[in-house]
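Work through the exercises below with the sequence and the model at hand. Each task is followed by a solution in steps.

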Amino acid sequence: MKEKIEELIKTIQSLDANSAEELENIRLKYLSKKGEISMLFNQFREVPNDQKREIGQRLNVLRDIAQARMTELKDKIELSQQESNRLDLTRTAEPIALGTRHPLSLVREEIIDIFSRIGFTVAEGPEIEDDWHVFGALNFPPEHPARDMQDTFFIEKNPDILLRTHTSSVQTHVMTTQKPPIRVLCPGRVYRNEAISARAHCFFHQVEGLYIDKNVSFADLKQALLYFAREMFGEDTQIRLRPSYFPFTEPSAEMDISCNICGGKGCAFCKQTGWVEILGCGMVDPNVLEACGIDSKVYSGYAFGMGVERITNLKYQVKDLRLFSENDIRFLDQFK
């Protein structure tokens, strides 16, 4: 029996298996109830007493070696299966071209990142809205031109429901559900009933900001916008604010930046003025605050809004708005 044990030890140490089926056959041959090792344990009772100690120890060694070898082979097979699973045999042999993020997404995330550094958080709202959130709460008189069909997509069966024309409607939701201080950024897609051309589209993207707290001033607005302009377009960028009109802000202004192509010297892009308009802004009208349940005698605030396409045009000199929605791979490949 001793010779048989030593022979089995050498045999088991040299065993190999490349599949679970082969491993199971080895287990059945050596470690099952009718396997060779089990048969040796059954024969152990016939061993003379003076040899039982030595034979018993070698039998235990044989069993341990067999179990360890089974574990080694099992681990080897599992590792091999894991490696084979990582191979996609259906994949083409040709290199797969990787895509890129859309330029509007890149600029949108950059705008959000810049304003997040000064405390703004992102707020989102529905694209299908009611008249009050889009116009009524924002101090639009009933006769305001923006309510006419040429500017707004109304839902035919319910004229009170429309596609939002600006993301200011998100600000309305925030002001009616949160208490000041409020400091939010509202990015999103908006819709206007306009003819599609190189300079206009029936849908586009905006990012609007709102800050409401005690003692907020126009100087706070100017400083925030100057910070944004220099982070987005470079440290040498200058800004100027021109008086304007928006129903929901008073006073209101349009903001220009020094042309980032000619450095303010004058070129075809800025029409020889040295300035390029990028956004509208102003102090939140007290009527808007009161309509949303905020005491205008205690709180004040500022708001601003910019078109993402406009900022992208300035950053990448894209002259045709239609390129952003045509999904032309030749155009998108430039932003890898």
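The structure is a predicted model.

**Exercise 1. Classify arginine 108 by its accessibility, and describe the salt bridge that joins it to glutamate 109.**

Step 1. Arginine 108 has a relative accessibility of 24% and counts as partly exposed, because buried means under 20% and exposed over 50%.

Step 2. Glutamate 109, with a relative accessible area of 31%, is also partly exposed.

Step 3. The two side chains form a salt bridge with an N to O distance of 2.5 Å. Side chains of opposite charge can pair when their charged atoms come close.

**Exercise 2. Determine how spread out the protein chain is, using its radius of gyration.**

Step 1. The secondary structure of the chain consists of eleven helices and ten strands.

Step 2. For 336 residues the globule rule gives 20 Å, whereas the radius of gyration is 37 Å, so the chain is more spread out than a compact globule.

Step 3. Along its principal axes, the C-alpha trace spans about 110 × 50 × 50 Å.

Step 4. Of the 336 residues, 40% are buried. Among contacts with a separation of 6 or more, 66% are between residues 24 or more positions apart.

Step 5. The accessible surface is about 19300 Å², and carbon and sulfur atoms account for 50% of that area.

**Exercise 3. Place the salt bridge between aspartate 256 and arginine 240 in the chain, and state whether each partner is buried, partly exposed or exposed.**

Step 1. The closest N and O atoms of aspartate 256 and arginine 240 are 2.8 Å apart.

Step 2. Aspartate 256 belongs to strand β8 (residues 249–258) and arginine 240 to strand β7 (residues 239–246), the two being 16 residues apart.

Step 3. Aspartate 256 is buried at 2% relative accessibility, while arginine 240 is partly exposed at 33%.

Step 4. Both residues belong to a salt-bridge network that links Arg240, Arg242, Asp256 and Glu277.

Step 5. The structure holds 14 salt bridges. Another of them joins aspartate 328 to arginine 330, with the closest N and O atoms 2.8 Å apart; arginine 330 is exposed, at a relative accessible area of 67%.

**Exercise 4. Locate phenylalanine 335 and list its contacts beyond four places in sequence.**

Step 1. Phenylalanine 335 lies in the segment after α11 (329–332).

Step 2. With 12% relative accessibility, phenylalanine 335 is buried.

Step 3. Once neighbours within four places in sequence are set aside, phenylalanine 335 contacts Thr100, Arg101, Pro103, Leu106, Tyr316 and Val318.

Step 4. Phenylalanine 140 is 195 residues away along the chain, and its C-alpha atom is 39 Å from that of phenylalanine 335.

**Exercise 5. Inspect the backbone at proline 181, proline 251, glutamine 272 and asparagine 327.**

Step 1. The peptide bond from proline 180 to proline 181 is cis, with omega near 5 degrees. Proline 181 sits in the loop between α7 (168–177) and β5 (182–191).

Step 2. A cis peptide bond also runs from glutamate 250 to proline 251, with omega near 0 degrees; proline 251 is in strand β8.

Step 3. Glutamine 272 is not a glycine, yet has a positive phi of about 65 degrees. This glutamine is in the loop between β8 and β9 (275–284) and is exposed, with a relative accessible area of 56%.

Step 4. Asparagine 327, likewise not a glycine, has a positive phi of about 55 degrees. The loop between α10 (308–316) and α11 holds asparagine 327, which is exposed at 56% relative accessible area.

Conventions
Residues numbered from 1 in each chain as written. Predicted model: local features only at pLDDT ≥ 70, side-chain atom pairs only at ≥ 80, totals over all residues. Heavy atoms only, no water. Rg over C-alpha atoms; globule rule 2.2 N^0.38 Å. Buried < 20%, exposed > 50% of the residue type's maximum accessible area, 1.4 Å probe, protein only. Contact = heavy atoms within 4.5 Å. Areas by Shrake-Rupley, 256 points an atom, 1.4 Å probe, with all protein chains shown as cover. Salt bridge = Lys/Arg side-chain N within 4 Å of Asp/Glu carboxyl O.
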